[in-house]
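Student: Please take me through one part of this protein closely. I would like to see how its inside is packed, and what lies around that packing.

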Amino acid sequence: MGGRWIQEWDPEDETFWKEKGERVANRNLLFSVISEHIGFSIWTLWSVMVLFMGPEYGIDPAGKFFLIAVATLVGAIIRVPYTFAVARFGGRNWTVFSALMLLLPTGAAFAVMEPGTSYTTFVLVAALTGVGGGNFASSMTNINAFFPLHRKGWALGLNAGGGNIGVPVVQLVGLAVIGTAGAAHPRIVLGVYIPLIVVAAVCSALFMDNLAPVKNDTGAVKEAVRDTHTWIMAFLYIGTFGSFIGYSFAFGLVLQTQFGRTPLQAASLTFLGPLLGSLIRPVGGSLADRYGGARITLGAFAAMAVATGVVIYAALVESLAVFLVGFTALFVLSGLGNGSTFKMIPAIFKAKAYASGLGGEEADAYGRRLSGAAMGLIGAVGAVGGLGINLAFRQSFQTAGSGTSAFVAFLVFYAACITVTWAVYLRKSAATTAEAPAQRQLSYSEV
């Protein structure tokens, strides 16, 4: 519980925000991004390691898909305790600890990454990388507390987008190693990240702060669990973030298995989609700030359905060029939706506050309280979508020899997401909350 603590924090106070709050919040955001960036790289490490695993490793495509699915699952589950760790130990303190925890899966992979290692050992080591997935939940919960509502879309989008870029960066590092040293030297990738993890932990210790007013609220957690909107948003986040992380893990392996690409050819293509999806996430948050998260989210899902149709067509006609266009579009659109869905969460709970008759600071406090409790749950459930994608690919390749049937299932799911988004947050009869007397009305159509 030691370290740098800020005792008073009120970002909704414009004077406080301009004089002190904005500078402190932006500094914490910067170093949060750095730590989360490394966390995402380690979480998706096995999307790169499987490209190094040639025939001498004795693992078939289904076995490789299971390795990356295990990493996805552990990363999803661990997000729940990581969410509550911020209030228990402090955002700065937990960021330092969680960064240092990344040394465990990286060091373990360095020790075992060679032919002859048992498959069980690879599964256990891949599971350890899930701690990198947990970093996202604690980081988002921490940064959510630093910023006022009108800046949350931008701040959360930038924080998450900067972290998401860790996915294409580790893939670029893998590409550089395969292109220079060859596919027989995966330990070089791991050697690059070990010192970076230490740097991220040291920077967090030196430049980040803990917020004393941020407390774990058991009542808020119970209320968030009981609230239907928590689970609706978790469902939608499966469609956005689940797609992004699932495709990020699987893209290179799909190219190798379905289109016969070599490790170097696959690595040279896999980074582009995650990179664009990461870069556009803050744009999704900013557009949601301006036009409403539900509108941007609906548009993203509709476009993802179209892009999935393009991918299915490309798979049927065996066109790698068209497949790459459609798959890259899926990354971009899922990144856009990532930013808009996370913006919706605090806005939804603030809308509920106005609907119940609260206003002003009371409504702001209610929105912060409930959204902070809900974010960890939503992030965890959303990440499970990545597990679903990898298991769907595994089953599809195991039974049909291609990923086409998996993409058909994804198309059906995106159609369901479109329906839910429209019915709950944009349909006129559902979008308007009861107006509180003498207070500004906030409707779900503004979410």
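Tutor: What follows starts at the nonpolar core and then moves to the rings, the buried polar residues and the largest pocket. Keep in mind that this is a predicted model.

Start with the core. The largest nonpolar core holds 125 residues. Five of them have the most contacts inside it: Trp46, Tyr247, Phe323, Phe393 and Phe407. Which helix gives the largest share of this core? It is helix α13, residues 228-259, with 16 residues.

Now look at Tyr247. Set aside its neighbours within four places in sequence. Tyr247 is then in contact with Phe327, Leu330, Phe331 and Ile389. It also touches Phe393, Phe407, Phe410 and Tyr414. Two of these partners, Phe393 and Phe407, are again among the residues with the most contacts inside the core.

Stay with helix α13 and find Phe251. Phe251 and Phe327 form a stacked aromatic pair. Their ring centres lie 4.4 Å apart, with 25 degrees between the planes. What does this pair tie together? Phe251 lies in helix α13 and Phe327 in helix α17, residues 320-355, so the pair links parts that are 76 residues apart in sequence. Are these rings buried or exposed? Phe251 has a relative accessible area of 0%, so it is buried. Phe327 is buried as well, also at 0%.

Thr240 sits in helix α13 too. At 0% relative accessibility, it counts as buried. Leave out its neighbours within four places in sequence. Its contacts are then Phe301, Ser334, Gly337, Asn338 and Thr341.

Next, the aromatic pairs as a group. How many aromatic pairs are there? The count comes to 40. One of them joins Phe40 and Phe136. This pair is edge-to-face, at 5.8 Å centre to centre and 85 degrees between the planes. Phe40 belongs to helix α1, residues 14-43, and Phe136 to helix α8, residues 130-146, so the pair ties together parts 96 residues apart in sequence. Phe40 is buried, at 1% relative accessibility. Phe136 is buried too, at 1%.

Rings can also meet charges. The charged end of Arg88 sits over the ring of Phe89, 5.0 Å from the ring centre. The charged end of Arg187 sits over the ring of Phe110, at 5.7 Å from its centre.

Go back to helix α8 and find Asn144. It counts as buried, because its relative accessibility is 4%, under the 20% cut-off. Neighbours within four places in sequence are again left aside. Asn144 is in contact with Lys152, Leu156, Arg368, Ser371, Gly372 and Met375.

Arg368 leads to the last stop. It is one of the residues nearest the centre of the largest pocket. The others named there are Pro213, Val214, Lys215 and Arg369. In total, 22 residues line this pocket. About 470 Å³ of space lies in it. Which elements give two or more residues to the lining? They are α4 (79-89), α8, α12 (218-226) and α18 (360-400). The most comes from α18, with five residues.

Here is the route once more. Helix α13 gives the core its largest share. Phe251 in α13 pairs with Phe327 in α17. Helix α8 holds both Phe136 and Asn144, and α8 also gives residues to the lining of the largest pocket.

Key:
Residues are numbered from 1 along each chain as its sequence is written. This is a predicted model: local features need pLDDT of at least 70, side-chain atom pairs count only at pLDDT 80 or more; totals for chains, interfaces and linings use all residues. Side-chain values use heavy atoms; hydrogens and water are left out. A nonpolar core is a set of buried Ala, Val, Leu, Ile, Met, Phe, Trp, Tyr and Cys residues joined through side-chain atoms within 4.5 Å. Buried means under 20% relative accessible area, exposed over 50%, partly exposed in between (1.4 Å probe, protein chains only). Helices (H or I, at least four residues) and strands (E, at least two) are DSSP runs, numbered from the N terminus. Contact means heavy atoms within 4.5 Å. Rings of Phe, Tyr and Trp (its six-membered ring) pair if their centres lie within 6.5 Å; planes under 30 degrees apart count as stacked, over 60 as edge-to-face and the rest as tilted. A charge sits over a ring if NZ of Lys or CZ of Arg is within 6 Å of the ring centre and within 35 degrees of the ring normal. On a 1 Å grid over the protein atoms alone, a cavity is a set of points where a 1.4 Å probe fits but cannot get out, and a pocket is an open set with protein on both sides within 12 Å along at least five of seven lines; lining residues have an atom within 4 Å of a point. Grid points are joined across faces, edges and corners, and a volume is the space filled by probe spheres set on the points.
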